[in-house]
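Dear colleague,

I am handing over the structure we spoke of, with the sequence alongside. Please open it first, and then read the notes that follow it.

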Amino acid sequence: MDGPVGGSRASGGNGMVSNQANDTTTVAADDPKQNLNQVFCVCSNSLVSELDNMVKLSEKCNIQVPTEVLNLIDDGKNPDEFTRDVINSCIAKNQVTKGKTDAFKSLRKHLLDELEQTFPDEVEAYREIRANSAAEAKRLAQSQSMLPNGDVKVKSEL
């Protein structure tokens, strides 16, 4: 069934008439290696374009990856292990710091109790000075819209 219509039709390998555009898919369906080559070309082209997009977008980013994460990936491990280790380290350091601050608070309280027994008038004056100083710092922070830790409050505008 060869079609004399301007060569736009050709006989397929299985005796069916098909368009020339579809002729390559018929051949590709018959030859698995050809089909794989077409898929690879399509995938590799889209991969190249996606990598190109990544390069363009990466120019706008400044992300620094710790070398420990890269080493974990090279060793075939999950990079989340690094995050877990960092968090556990921070928790441990936080507990040590909290223990130190609690010890200093306890020492301060103990010293004030001992001083109060020996010098009650001076400790009373000290506590008044401390209360006035704290109240003044609070007023100053509120007037400057600052938090007690020095951060500035951001007012949302409606």
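The chain contains 5 helices and 2 strands, and read from the N terminus these elements follow one another in the order β-β-α-α-α-α-α. Please keep in mind throughout that this is a predicted model, and that every value below was computed from it.

On the chain as a whole, 5% of its 158 residues count as buried, where buried stands for a relative accessible area under 20%. The accessible surface amounts to about 13800 Å², and carbon and sulfur atoms account for 57% of that area. As for contacts, if one takes those between residues at least 6 apart in sequence, the share that joins residues at least 24 apart is 0%.

Turning to charged pairs, the structure holds 6 salt bridges, and I describe some of them here.

One of them links Asp52 to Lys56, with 3.4 Å between the closest N and O atoms. Both partners belong to helix α2, which spans residues 32–58, and they sit 4 residues apart, or about one turn of the helix. Asp52 has a relative accessibility of 36% and therefore counts as partly exposed, while Lys56 is placed in that class because its relative accessible area is 49%.

Another salt bridge brings together the side chains of Arg84 and Asp85, at 3.9 Å from N to O. That distance falls within the 4 Å that is asked of a salt bridge. Arg84, at 46% relative accessibility, counts as partly exposed, and Asp85, with a relative accessible area of 43%, is partly exposed as well.

Which residue is the salt-bridge partner of Arg127? The partner is Glu116, and the closest N and O atoms of the two are 3.2 Å apart. Because Arg127 is part of helix α5 whereas Glu116 is part of helix α4 (residues 80–118), this pair ties together parts of the chain that lie 11 residues apart in sequence. Both ends are partly exposed, as the relative accessible area is 33% for Arg127 and 31% for Glu116.

Two patches on the surface also deserve a mention.

The first to look at is a patch of negative charge, in which Asp121, Glu122, Glu124 and Glu128 gather on the surface. Of these, Glu124 is found in helix α5, which covers residues 120–143. Is Glu124 buried or exposed, or does its accessibility put it in between? With a relative accessibility of 43%, Glu124 counts as partly exposed, because that class takes in values that lie between 20% and 50%.

The other patch is nonpolar and is formed on the surface by Ile63, Val65, Leu70 and Ile73, which together offer about 390 Å² of accessible area. Ile73 is located in helix α3, a helix that runs over residues 67–74, and its relative accessibility of 46% makes Ile73 partly exposed.

With kind regards

Terms used: Residues numbered from 1 in each chain as written. Predicted model: local features only at pLDDT ≥ 70, side-chain atom pairs only at ≥ 80, totals over all residues. Heavy atoms only, no water. Patch = residues over 30% accessible without salt bridge, like charges linked within 9 Å, V, L, I, M, F, W, Y side chains within 5 Å. Areas by Shrake-Rupley, 256 points an atom, 1.4 Å probe, with all protein chains shown as cover. Lys, Arg positive; Asp, Glu negative; His and termini not counted. Charge placed at Lys NZ, Arg CZ, Asp CG, Glu CD. Buried < 20%, exposed > 50% of the residue type's maximum accessible area, 1.4 Å probe, protein only. Contact = heavy atoms within 4.5 Å.
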